[in-house]
Amino acid sequence: MGTVHAKDMGPVERTRNEGQDEDFGLDGIPAKVVNVHIDGLGRTKDDLVMHEVRDVFKASSFKEMVKMAHDAKLRLERLGIFKNVGIFIDTSKGANARKDGYDITFEVNEMRRVVGGVNTLVGNNDASLLFNLRAPNTFGRAEKFVLEYSHGTKHSSGFNVNFTKPFEANPDAKFTAGVYQNQGDYPWSGYKETDRGVGLDISFQSLFGAHGLKWEGVWRELHPLTRTAAFDVREQCGHSLKSSISHTYVRDRRDDPVIPTSGSMLKIVQEYAGLGGDVQFMKHNLEFQISKSLIFDTVLQLSLAGGVMKSLNPNKDVGINDRFYLGGPLTLRGFNMKGVGPHTDGCAMGGEAYGLAGLHLYTPLPFRPGRGGFGDLFRTHFFVNAGNLTNIDFEKDSRQTLEHLYKTMRLSYGAGIVLRMGRIARMELNYCIPFKVQAGDSVNQGVQFGIGVTFM
């Protein structure tokens, strides 16, 4: 909460009931904020910080004043432009002093104009080294320039330059514009891709969750990884131009994003490509997860996901780099990375629709070694996964489509260990048994290792 200094108010009336804690009656002490001082400002504009602290003038009691000052401190910290923020409260002085008046001083320490760093990023079975330069509070109203370069372990690299500006000093509502270039190998499908693009993004919070509205224009270049790549893959290589708009909605009420013990998460992504360029499709994707604590520190979790897409060009199918893929150690376990669904000469071709379900039971380690410390980072993991990936003929009867999806369903089950890596990623070591597979699937029966930031 920072440091709060207040002069002694003298005797305070208090009551104490038997079996209850003492109540100092701070609600009964009248208080009115007379002056607010901001010390330590340099390039930060006055109107920005006053927008964040003005609510303290609404306080009518000492308790309410302290709470509002603390809330203002948190808002200032969330702007991301100060190293630290301190609070000092004192009785009011000067010509406009009053008996119940107080002065509040916020001491801030601005971040440097340019900040750099080197970090590691964890993806799904991939890791990257990230170099970044940031210019926080560029023009004095919490704007930010960011320059990043990443180099991954799976022949991936990229850079991006972003400019972000909050709306009316609200860190939960901001505008972002950026340019980027990414390149990477996709060995499960036999091609490599280079993307060069620009993007505009508006994100904001509502009462029901977080929203993101994004336009993206990207020039994409595909090359076969080897001369022996499937003909269907080589046929799609070359250049394409994609212009799309997408909306993302996320409502996350989980108590932990890595190994949740309660709460739910809902994510819906809708994308329309066809605002120019030669790529045209509609795409819908949904993810849902809910966790429930049981007895003996066990947790039961249900995960569901599904998506469907359709080409809007009757003479051209959706490209291999836009389709859905399924399979891997953190999604449909017991199958290799992107190993489920249509394959040609060993190359995964993806699908236009998928469904995935997972039922998980997490328990503490047997005999609870390291309880209260390092041992709490581990969980025993039992799971059952079911999923399918296919192409859909929208001209066929829906009943026939559902029957086909049911008959070609993949199933797997197993058990293992889950390790929490901070609040960012998780690592799984499982023994997997694929129970139901289809011809062409790439199966991983036995021990399977996975690390990543998303899981089902």
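**A core and the sheet beside it**

In this predicted model, the largest nonpolar core has 29 residues, and those touching the most other members are Met65, Leu76, Ile104 and Phe106. Five elements each give two or more residues to this core: the strands β1, β2 and β3 and the helices α1 (46-53) and α2. Helix α2 supplies the largest share, with seven residues. Apart from this core lies another, of 15 residues, which includes Ala273, Phe281, Phe324 and Leu326.

The strands can be taken next. β1, β3 and β2, in that order, make up an open sheet of three strands with mixed pairing. β1 (32-39) and β2 (82-91) are the edge strands, each pairing on one side only. On average, neighbouring strands of the sheet are turned by 20 degrees against each other, direction ignored. Between β1 and β3 (residues 101-110) the pairing is parallel and runs over seven bridges. Within β3, aspartate 103 is the residue that stands opposite asparagine 35.

Helix α2 covers residues 62-78 and lies across β1, β2 and β3. Relative to β2, helix α2 runs at about 160 degrees.

Which residues does phenylalanine 106 contact, leaving aside its neighbours within four places in sequence? The list begins with Val36, His37, Ile38 and Asp39, and continues with Val53. Ala69, Ala72, Lys73 and Leu76 are also in contact with phenylalanine 106, as are Val85, Gly86 and Ile87. Of these contacts, Leu76 is itself named, like Phe106, among the core residues that touch the most other members.

Definitions and conventions
Residues are numbered from 1 along each chain as its sequence is written. This is a predicted model: local features need pLDDT of at least 70, side-chain atom pairs count only at pLDDT 80 or more; totals for chains, interfaces and linings use all residues. Side-chain values use heavy atoms; hydrogens and water are left out. Two strands pair if DSSP finds at least two bridges between them. Helices (H or I, at least four residues) and strands (E, at least two) are DSSP runs, numbered from the N terminus. Axes are lines fitted to C-alpha atoms, for helices over the stretch in contact, and angles run from 0 to 180 degrees between N-to-C directions. Contact means heavy atoms within 4.5 Å. A nonpolar core is a set of buried Ala, Val, Leu, Ile, Met, Phe, Trp, Tyr and Cys residues joined through side-chain atoms within 4.5 Å. Buried means under 20% relative accessible area, exposed over 50%, partly exposed in between (1.4 Å probe, protein chains only).
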